Amino acid sequence: MSEFTQEEIEKWMNEALKEAKKAGEIGEVPIGAVIVKDGAVIGRGHNQRESSQNATTHAEMIAIQEANRKLGNWRLENCHLFVTLEPCVMCSGAIVLARLKSIYYGPSDPKGGAVRTLMTVLEDERLNHQCEVHSGVMEEECRLLLTTFFRELREEKKKNN
């Protein structure tokens, strides 16, 4: 059960979509994330792997790091992550380690999703922390951003060959 209204969920996911668009504008896969605590964004991130040449600079990781700095604490208890695509194994592990209370994400990721698609890291009772999961949030809007990005990338490659 979500502690947010549908209107609040859409508000925060729209913030994550703004971050995703920033990534797309710099040629990164358009994935964005925000972390919310007490009605305010305390961490933002968008993919930066290509620009940073760092495999760990996923949107979720950047948002977690910013939230940690803002709170002065590695624990993000009572914080909520909104992200435009199902997180991967690395990001799911960071979500558990940071003790995030809940996650809201858009579409599933059939190639790398570790929340519910390929693995269920966030709800695995063998781990010392579980995270409340809400999937399919603004799924079409999030998916459209990704499919448009990859279609344009393929078209650009065709033009250059």
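Here is a short walk through the aromatic rings and the main pocket of this structure. Keep in mind that the model is predicted.

Let's start with the rings. There are 4 aromatic pairs here. Take F4 and Y104: their rings meet edge-to-face, with 5.7 Å from centre to centre and 75° between the planes. This pair ties together distant parts of the chain, since F4 sits in the segment before helix 1 (6–25) while Y104 belongs to strand 4 (residues 102–105), 100 residues apart. Both F4 and Y104 are buried. They also have company, as ring pairs link F4, F82 and Y104 into a cluster.

Now hop over to F149 and F150. These two form another edge-to-face pair, at 5.2 Å centre to centre and with 80° between the planes. Which of the labels buried, partly exposed or exposed fits F149? F149 counts as buried because its relative accessible area is 14%, and buried means under 20%. Its partner F150 has a relative accessible area of 32%, so F150 is partly exposed.

F150 brings us to the pocket. The largest pocket has a volume of about 500 Å³. Its lining is made up of 19 residues, and the ones nearest its centre are I31, L85, D109, L146 and F150. Which helix gives the most to that lining? That would be helix 5 (residues 139–160), which supplies 4 residues. As for the character of the lining of the largest pocket, 9 of its residues are nonpolar, 4 are polar and 6 are charged.

Definitions and conventions:
Residues numbered from 1 in each chain as written. Predicted model: local features only at pLDDT ≥ 70, side-chain atom pairs only at ≥ 80, totals over all residues. Heavy atoms only, no water. Phe/Tyr/Trp six-rings, centres within 6.5 Å; stacked < 30°, edge-to-face > 60°. Helix = DSSP H or I, 4+ residues; strand = E, 2+ residues; numbered from the N terminus. Buried < 20%, exposed > 50% of the residue type's maximum accessible area, 1.4 Å probe, protein only. 1 Å grid on protein atoms, 1.4 Å probe; cavity = no way out; pocket = protein on both sides within 12 Å on 5 of 7 lines; lining within 4 Å. Points joined across faces, edges and corners; volume = space filled by probe spheres on them. Nonpolar A, V, L, I, M, F, W, Y, C, P; charged D, E, K, R; others polar.
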